[in-house]
Number of protein chains: 2
Amino acid sequence: MLRLSKKVEYAILALQFISNKDDKFATAKEISDSLEIPFEFLSKSLQTLMKKGILESQLGVRGGYQLARSPNKITIQEVIVALEGRSGLVDCTYKKSNETCDKIETCLLKNPMAVLQNRINSIFKQTTIAQLSGEVKN
Amino acid sequence: MLRLSKKVEYAILALQFISNKDDKFATAKEISDSLEIPFEFLSKSLQTLMKKGILESQLGVRGGYQLARSPNKITIQEVIVALEGRSGLVDCTYKKSNETCDKIETCLLKNPMAVLQNRINSIFKQTTIAQLSGEVKN
DNA sequence: CGATAATACGATTATTTTAGTCGCATTTTA
DNA sequence: TAAAATGCGACTAAAATAATCGTATTATCG
């Protein structure tokens, strides 16, 4: 509950790892070995991050992944959205406007939850990969 | 992902309902009918909230539930903790101190995530049932 | 050119968590 | 003493998450 999925958790660790390698390419194998993360599982997340423009990949023999931009420009929010799609505290806060729930008129949850959601999102938007590796101040 | 469970969602709605009934007892049946929530499922949550001191119950025929204290003294955080037990963004932020994960020395996730967790918790601690029914300001 | 080391990607399976149900016991009141 | 309620444990169902498998494609190096 209110837990980050392994997909996101692994991805953040991997991004830190890649970030620390700096200019060289990091291979999925190398990352999964170092961090003891299932290779196939990690690979798919890296591929997703690539498609979303967070990572760049190089195919073939000396290939691998590198950050598409500076780690202080990559927020956790982006990583979450990339890997999970948009999500909300309650279903109705991320439903498209046309699929309204049938209790919409009387529901006392949607608006206040949307507010809380925004506050939480803003925490994730403010936190970058670079910050995580350094200290995060409270 | 980062979604409130139905248990918590229903419980919050139920607490709002009970709060609006004021001094009278609200029965689980009444609540589940009004809010269209599965009766048995809701009942268990209400019983848990009772054991945790958020609700008071009266057994027998004219029985039911009422708030154990004013709705502005009941935070969402309490409801979440009551129903889910403590939870964290990543496993290690809620593991007991003795069951440390084997990557503890090199892990770059635990401390920063604990910080984010605290920020999120503080949002939930600041939000009461009374506030939800009124407006929640951003 | 061909072997090898890498990513790309869809399909499938396994595991865990969440949601919901059932049955029966107990309590209280009218 | 019947009826209306909560209390509680065991069970089942469904959904989400995590992990695996198989195979195709791409690029480099010798």
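## A loop residue to start with

Lys52(A) sits in the loop between α3 and β1 of chain A. Helices and strands here are DSSP runs (H or I over at least four residues for a helix, E over at least two for a strand), numbered from the N terminus. With a relative accessibility of 52%, Lys52(A) counts as exposed; the classes are buried under 20% relative accessible area, exposed over 50% and partly exposed in between, using a 1.4 Å probe and protein chains only. Its C-alpha is 6.4 Å from that of Ala82(A), a residue 30 positions away along the chain.

This is a predicted model, so local features need pLDDT of at least 70 and side-chain atom pairs pLDDT 80 or more, while totals for chains, interfaces and linings use all residues. Residues are numbered from 1 along each chain as its sequence is written, chains are lettered from A and ligands numbered from 1 in the order written, and side-chain values use heavy atoms, with hydrogens and water left out.

## Chain A at a glance

Chain A has 6 helices and 2 strands. Reading from the N terminus, the order is α-α-α-β-β-α-α-α. Of its 138 residues, 44% are buried. Take the contacts in chain A with a separation of 6 or more: 60% of them join residues 24 or more positions apart, where contact means heavy atoms within 4.5 Å. The accessible surface comes to about 7300 Å², with 49% of it on carbon and sulfur atoms; areas are from the Shrake-Rupley method with a 1.4 Å probe, and for residues only the protein chains shown count as cover.

## Helix α5 of chain A

Helix α5 covers residues 110-126 of chain A, 17 in number, and spans 24 Å from first to last C-alpha, close to the expected 24 Å at 1.5 Å a residue. That expected span is 1.5 Å times one less than the number of residues. Its buried residues include Pro112(A), Met113(A), Leu116(A), Ile120(A) and Phe124(A). What do they pack against? Within chain A it's α4 (76-84), and from chain B it's α1, α4 (76-84), α5 (110-126) and α6 (129-133).

## Around DNA strand D

There are 28 residues around DNA strand D, and Leu59(A), Ala28(B), Met50(B), Ser57(B) and Tyr65(B) come nearest. Of the strand's atoms within 4 Å of the protein, 69% are sugar and phosphate. A residue is near a strand if one of its heavy atoms lies within 4 Å of it. By type, the residues of this surface split into 11 nonpolar, 9 polar and 8 charged; Ala, Val, Leu, Ile, Met, Phe, Trp, Tyr, Cys and Pro count as nonpolar, Asp, Glu, Lys and Arg as charged, and the others, Gly among them, as polar.

Now for some atom pairs. A polar backbone atom of Lys6(A) is 2.9 Å from a phosphate oxygen of DNA strand D, and a polar side-chain atom of Lys44(B) is 3.1 Å from a base nitrogen. An N or O atom in the side chain of Tyr65(B) is 2.7 Å from a phosphate oxygen of the strand. Elements giving two or more residues to this surface are α1 (6-21) and α3 (39-51) of chain A, plus α3 (39-51), β1 (55-58) and β2 (64-67) of chain B. The largest share, 4 residues, comes from α3(B).

## Around DNA strand C

DNA strand C has 28 residues around it, and Ala28(A), Ser57(A), Tyr65(A), Lys6(B) and Leu59(B) come nearest. Sugar or phosphate holds 69% of the strand's atoms within 4 Å of the protein, and bases hold the rest. Phosphate oxygens of DNA strand C lie 2.8 Å from a polar backbone atom of Ala28(A) and 2.9 Å from one of Lys6(B). On the base side, a polar side-chain atom of Glu40(B) is 3.4 Å from a base nitrogen.

Which element gives the most to the surface near DNA strand C? That's α3(A), with 5 residues.

## Two glutamates and a threonine

Most residues other than glycine have a negative phi. Glu36(A) has a positive one, near 55°. Glu36(A) lies in the loop between α2 (28-35) and α3 of chain A, and is exposed at 52% relative accessible area. In chain B, Glu36(B) has a positive phi of about 55° and lies in the loop between α2 (28-35) and α3.

Is Thr75(B), in the loop between β2 and α4 of chain B, buried or exposed? Thr75(B) counts as buried because its relative accessible area is 15%. Apart from neighbours within four places in sequence, Thr75(B) is in contact with Phe124(B), Lys125(B), Thr127(B) and Thr128(B).

Key: A polar contact is a pair of N or O atoms within 3.5 Å; within protein, one must be able to donate a hydrogen and the other to accept it, and residues adjacent in sequence count only if both atoms are side-chain atoms.
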